[in-house]
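Please look over the sequence and the coordinates together before reading on. The paragraphs that follow go from single residues to helices and then to the whole chain.

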Amino acid sequence: MEARELLQELCGSLRAVLARVREGEPGEGREPFEPPRFWDALGQAFKETSQEATKLSLAFSRPPLPSAENCRKLSEDVQNAILAVATVYYWLPKGQGTTLRKMVRDATTEVLEGMIQLTETILISPLGSSSQEQLISTGGVWEACEQVSSLPRDNQAAVVSALSAFLGVVKDAVEEMENALVEEQDPYSDIIEDEELGFRGNRDTYWSEADRKLLGSCMGLMKASKACLKKVLSVVKAYGKADSPEQIAQLDDLADIANEISPSIDELALSMYPPMNHLAVRLNAAKLASVLKKVLEITKTSHVCPPSEEGWVQFLTGAVDHNMDKIKNFTQGEL
């Protein structure tokens, strides 16, 4: 069998493993889960995969090409390393937390995708010559394998990582809308004048006075979202634990509902640009307010919120209600 055929077979095998990792569910396992053993094994599997990627890339970077026997051995070694990564991933039970499991699965799929890309790059390049693409693909596998060292080690750390990412996205969305509002005269000032339509300064590209009143309350709601995520992140860091199934599940619930804040903010922000449909703005604001109330409610009833933290939960709940009431008042005539 030629080297090309063996590489094509390897690609097919790697894709099959990738599909199983994406679709499959880790089992609870018969033996008790031992975190140190799991992380050591995962680190070792990622390290071996990185080494096999280097060997594979070097073997096809210069003549002479590896013999059919050596090529078969290379292919088997890559498959074994990748199967080890997938197998260790399956050791991680659901009970350790869905947020943690998703992050480990994402890291695992990234390694698999990197190895598939490397194999495909070798296939489409003239065999025996190292292309720039091949070097980049090899580096991509190394980078994906190195991620294992920065993965969160329990569900509390995983939820902190997820909430930090959500907060970053929400901060950007709030800042973008604030910048748009600062450019008071014309949010579309960078659009060139259209000869057929005439002067671009028709009223559809501006905010009216009524729009601006509504925008103020919408911004209040967006800023409450940012404050909400900041506070939830701080209490999960301070009080979050992953010692019992109940604590792990509460953290997952928080991460799941907090994940809905960013898309809800995006929908609201899009509807805030002129020409504004006040009813659409109100509906999107109500959706965001509902998500925020759920986040605050789940936080308040979970272990991350001792009595000393209940004050800000109440304050932010009031802020959400206050801004939503104003939005309803400003859009009353639209109904």
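**A walk through the helices**

Thr109 has its place in helix H4, which covers residues 98-124. In this predicted model, Thr109 has a relative accessibility of 9% and therefore counts as buried, the cut-off being under 20%. Once residues up to four places away in sequence are set aside, Thr109 touches Leu18, Val21 and Arg22.

A second buried position is found in helix H2, residues 35-59, where Ser57 lies. Ser57 counts as buried because its relative accessibility is 7%, and, with neighbours within four places in sequence left aside, Ser57 is in contact with Leu118, Ile122, Gln134 and Thr138. After H2 comes a loop that leads to helix H3 (68-91), and Pro64 is found in this loop. The peptide bond that joins Pro63 and Pro64 is cis, with omega at about 0 degrees.

The aromatic residues offer another way into the model, which holds four aromatic pairs. The ring centres of Tyr89 and Tyr90 are 5.4 Å apart and the ring planes meet at 50 degrees, so this pair is classed as tilted. The two tyrosines can also be described by their accessibility: Tyr89, at 0% relative accessibility, counts as buried, whereas Tyr90, at 28%, counts as partly exposed. Elsewhere, Phe33, Phe38 and Trp39 are linked into a cluster by ring pairs. Trp39 also takes part in an arrangement with a charged residue, since the charged end of Arg153 sits over the ring of Trp39 at 4.3 Å from the ring centre. A corresponding arrangement involves Arg37, whose charged end sits over the ring of Trp91, 4.8 Å from the centre of that ring.

The next stretch to follow is H9, whose 12 residues reach 17 Å from the first C-alpha to the last, close to the 16 Å expected at 1.5 Å a residue. Which residues of H9 are buried? They are Ile261, Ser262, Ser264, Ile265, Leu268, Ala269, Ser271 and Met272. An α-helix has 3.6 residues a turn, so residues three or four places apart point the same way. The cover over the buried residues of H9 includes helix H6 (155-182), together with H7, H8 and H10.

Between H9 and H10 there is a loop, and Pro275 is found in it. Pro274 and Pro275 are joined by a cis peptide bond, with omega at about -5 degrees. At the start of H10, a side-chain oxygen of Asn277 reaches to within 3.0 Å of the backbone nitrogen of Leu279.

H10 itself comprises 23 residues, 278-300, and at 1.5 Å a residue these should span 33 Å; the C-alpha atoms at its ends are 32 Å apart, which agrees with that expectation. The buried residues of H10 are His278, Val281, Arg282, Asn284, Ala285, Leu288, Ala289, Val291, Leu292, Val295, Leu296 and Thr299. Among the elements that cover these buried residues are helix H7 (209-239), helix H8 (245-258), helix H9 (261-272) and helix H11 (310-330).

His278 also serves as a reference point for the segment after H11, where Gln332 is found. How far apart in space are Gln332 and His278, C-alpha to C-alpha? The distance is 9.4 Å, although 54 residues separate Gln332 and His278 in sequence. Gln332 has a relative accessible area of 45% and so is partly exposed.

With these local views in hand, the whole chain can be considered. The protein has 11 helices and zero strands, and, read from the N terminus on, its elements run α-α-α-α-α-α-α-α-α-α-α. Of the 335 residues in the protein, buried residues make up 45%. Among contacts with a separation of 6 or more, 82% are accounted for by residues 24 or more positions apart. The accessible surface of the protein comes to about 17,400 Å², and 51% of that surface belongs to carbon and sulfur atoms.

Key: Residues numbered from 1 in each chain as written. Predicted model: local features only at pLDDT ≥ 70, side-chain atom pairs only at ≥ 80, totals over all residues. Heavy atoms only, no water. Helix = DSSP H or I, 4+ residues; strand = E, 2+ residues; numbered from the N terminus. Expected span 1.5 Å × (residues − 1). Buried < 20%, exposed > 50% of the residue type's maximum accessible area, 1.4 Å probe, protein only. Contact = heavy atoms within 4.5 Å. Polar contact = N/O pair within 3.5 Å; in protein donor to acceptor, adjacent residues only side chain to side chain. Phe/Tyr/Trp six-rings, centres within 6.5 Å; stacked < 30°, edge-to-face > 60°. Lys NZ or Arg CZ within 6 Å of the ring centre and 35° of its normal. Areas by Shrake-Rupley, 256 points an atom, 1.4 Å probe, with all protein chains shown as cover.
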